[in-house]
Amino acid sequence: MRAALFVTCVNDALYPRTGIAVVRLLERLGVTVDFPAAQTCCGQPQYNTGYRHEAEPLVRRTAEAFAGHPYVVTPSGSCAAMIREHYPRIGRRAAAEGRGGELAALARELAPRVYELTEFLVDVLGVTDVGAYFPHTVTYHPSCHGLRGLGLGDRPRRLLTAVRGLELVELPGAEECCGFGGTFAVKNPDVSAAMGTDKTAAAAATGARVLCGADNSCLAHLDGLLRRARSPLRTLHLAEILAATEEEPLS
Amino acid sequence: MSGTYLGMPAFPEAAREAVRDGVLRANLRHATHTIRGKRALAVAELADWDRLRAAGRAVKDHTLRHLDRYLLQLEAAVTAAGGTVHWAADAEEANRIVTELVLATGERELVKVKSMATQEIGLNEALQAAGITAYETDLAELIVQLGHDRPSHILVPAIHRNRGEIRDIFRTEMGRWGRPAPEPLGDDPRELAEAARLHLREKFLRAEVAVSGANFMVAETGTMVVLESEGNGRMCLTLPETLISVVGVEKVVPTFRDLEIFLQTLPRSSTAERMNPYTTMWTGTTDGDGPSAFHLVLLDNGRTDTLADPVGRQALRCIRCSACLNVCPVYERAGGHAYGSVYPGPIGAILSPQLRGTADAIDASLPYASTLCGACYEVCPVAIDIPEVLLHLRERVAQGGPVTRDGIRVRIRPAHGHTAERAAMRAARLLLGHPGALRAGERLLARARRLRPRRLPGPGRAWTDSRELPAVPAESFRDWWAREREACR
Ligand code: SF4
């Protein structure tokens, strides 16, 4: 099995550990990982802020970078949702506005080949026990795009409960948004921080040592709040927990 | 208080105050979480909820597609039943029609059924200017009116108030409007409700004119429908001699049978009740029973312009249940007033910029008053894809584009104040359009990683005011991959 990694721009520049963890994890499960170097960003920040025209070249770039790869895996629910939900729509709108049908075809063609990491593990590889070891108490925040956009359901939790040594504790109000919301975090900083503070308070009250998520953008916001408050709670991407083993623990 | 609230500060500034108001946040959190939980239970009781939701959506979409036909059918049915239909293109026209109708009766005061449409057009203020006093009879509206306040929720306009605050308002203000509150007055809900009942009874018994809205209008029969919980609306709808109903054109449904859907979905979505306690229906006039004169004012006020937009028009399906407000994490922190309109929360964020346009600062900021978390779409009983409309309106604000204003298709320019943002988006696209440039940028960032400031200047300050920046890694993923993998091939 071969799969192409769409690492996403945020992970590439700020959270390379997440990308590295995905590579280690997939290779451990017998998957050959490709990294098409032409990839950059899915265009979500532009599109979600209202700059659809600015997003179009990135839709094209992403679709072209992954042409010919039957499986594209990404450790970000919101980027997966962007490609699956919005790429076809952006393509259709571009075609309707007379900028050629080619973008529409590219976008439509890519959408069904893109998998969020937990979907790829559970649905394509058919595993829930990935052989990980992580002896800590963990609580999980299912980001909105994973929860409602992609309908990831209990996939992440099934993967986490199969990790040896890991104790999963429920996060009260888990389905509530953390307040990141892309540019919302800077356009409405007060509301954003208020939402995030409620989320981190709920996470800290569980007694968990690690707040886990599957989207580093949400985690960057929550982690920023936790560190400003000097909280001992740390954030970790799900991929890093799943990549950790007894022989190769998380550094 | 004003019906339109234009000239309000943009959402982020208006929300800032609310976020800092601990009492307000506690009131809102308590109220929205309680109703949210109850709604979920009430909805879960119906095995066919998804089908009801789809049916409600389909009926509304069908009606909107043939709105002209159904409105004419409605007009004919209302007229045949002894009512009079008036068409109002905008708020000003609607206010003028109602004012003239009231003045013609010789009355100078009237009672009101809670209605979003009359708030939208600022009817009470317009009547006041003509020397007519309108008394709100819905308990929550009464609290808002007595408190010289603005409503902050569609269904529970005084949701931002707690019992102690309400007691104080009743004590100081009731006497100025009519029967004073009994002394002593505590903050027990029953005591407060009794004070309101006594105060309002005097108004009901005296009133000759009533003004209402309607939740639905049935085209085939000309029937108006109001759903409520208290029964005060029914008093207004049955006791006075003249009844004037101001209703948005989108409230029409084709047949009586269509009500079957909404009489199930609306109460469960809004108050988490299986059925609302009072459903009042009236069709024209009947001799010796109820009002002897009935006027229906059909309000457009931006609705047909909204209808012309293929993406945005779904907002007109709204049945004003307020479920989207109660699940919205932004509404919960920002409060209803920050939305600068009688329609707060997620529906307000998509409806106001369509009804009013995006020229004003508050309207241009509303499409951004959401994290796009999708909770509103999930609960909406007529399946309005609010995030989709938000994105569509953001595009209108950031890029400009075609809109319909007063029936004419025009291209609007991007809203003011987005120049810096647009430049940043362009710069990002240049960087992201070239992986080599991105790689160089990442290396530059990595080299400067020790300089990571605690506070950023400019727009970045909004992040660092309350959050630390992420640590910049020594090496990007791209570079790691090249070093680890490509080197050995
Ligand atoms: S948008 Fe939907 S959920 Fe919100 S008030 Fe309207 S009908 Fe209710």
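I count two residues as in contact when they have heavy atoms within 4.5 Å. With that cut-off, I looked at how the two domains of chain A meet in this predicted model: 26 residues of domain 1 of chain A are in contact with 21 residues of domain 2 of chain A.

**Entry: domains of chain A**

I took the bounds from the assignment, which puts domain 1 of chain A at 2–124 and domain 2 of chain A at 137–243. I then looked up their C-alpha centres, and these lie 22 Å apart. For the buried area I got about 2,000 Å² between the two domains, with 59% of it on carbon and sulfur atoms. Which residues of domain 1 of chain A lose the most area to domain 2 of chain A? I found Tyr15(A), Thr118(A) and Val122(A), which together make up 22% of what that side buries.

Next I went through the polar side of this interface. I have two salt bridges between domain 1 of chain A and domain 2 of chain A. I also pulled up the salt bridge of Glu240(A) with Arg17(A), where the closest N and O atoms are 3.1 Å apart. Twelve residue pairs are in polar contact across the interface of these two domains, both residues of each being at pLDDT 80 or more. I noted which elements of domain 1 of chain A give two or more residues to the side that touches domain 2 of chain A: α1 (9–13), α2 (16–28), α3 (44–49), α5 (77–96) and α7 (117–124). By class, I have that side down as eleven nonpolar, eight polar and seven charged residues.

**Entry: chain A against chain B**

I moved on to the contact between the chains, which takes 64 residues from chain A and 68 residues from chain B. The two chains bury about 5,700 Å² between them, and carbon and sulfur atoms give 56% of that.

How many salt bridges are there between chain A and chain B? I get 15. I looked up Glu468(B) and Arg228(A), whose side chains meet in a salt bridge at 2.7 Å, N to O. My polar-contact count between chain A and chain B is 31 residue pairs, again with both residues at pLDDT 80 or more. Helix α11 (residues 189–205) of chain A supplies the largest share of the chain A side that touches chain B, at eight residues. I sorted that side of chain A by class and got 31 nonpolar, 17 polar and 16 charged residues.

I then widened the salt-bridge search and found 58 over all chains of the structure. I also checked Arg93(A) and Glu395(B), whose side chains meet in a salt bridge at 3.5 Å, N to O. This pair crosses between chains, going from helix α5 of chain A, where I find Arg93(A), to helix α19 (residues 386–399) of chain B, where I find Glu395(B). A reminder I left in the margin: side chains of opposite charge can pair when their charged atoms come close.

**Entry: ligand shell**

I listed the residues around the ligand and got Cys318(B), Ile319(B), Arg320(B), Cys321(B), Ser322(B), Cys324(B), Ile347(B), Cys380(B), Pro381(B), Val382(B), Ile384(B) and Ile386(B). When I split this shell by class, I got ten nonpolar residues, one polar and one charged.

**Entry: domains and backbone of chain B**

For chain B, the domain assignment gives me domain 1 at 46–299 and domain 2 at 450–488. I find the C-alpha centres of these two domains of chain B 56 Å apart.

I scanned the backbone too. Is the peptide bond from Glu183(B) to Pro184(B) cis or trans? I read it as cis, with omega near -10°. I placed Pro184(B) in the loop between α9 (163–177) and α10 (189–206) of chain B. I also flagged Asn301(B), which has a positive phi of about 45° although it is not a glycine. I find Asn301(B) in the loop between β10 (293–299) and α13 (303–307) of chain B.

Note on methods:
Residues numbered from 1 in each chain as written. Chains lettered and ligands numbered in written order. Predicted model: local features only at pLDDT ≥ 70, side-chain atom pairs only at ≥ 80, totals over all residues. Heavy atoms only, no water. Domains from an automatic or database assignment. Buried area = accessible area lost by both parts, 1.4 Å probe. Salt bridge = Lys/Arg side-chain N within 4 Å of Asp/Glu carboxyl O. Polar contact = N/O pair within 3.5 Å; in protein donor to acceptor, adjacent residues only side chain to side chain. Helix = DSSP H or I, 4+ residues; strand = E, 2+ residues; numbered from the N terminus. Nonpolar A, V, L, I, M, F, W, Y, C, P; charged D, E, K, R; others polar. Near = heavy atom within 4 Å.
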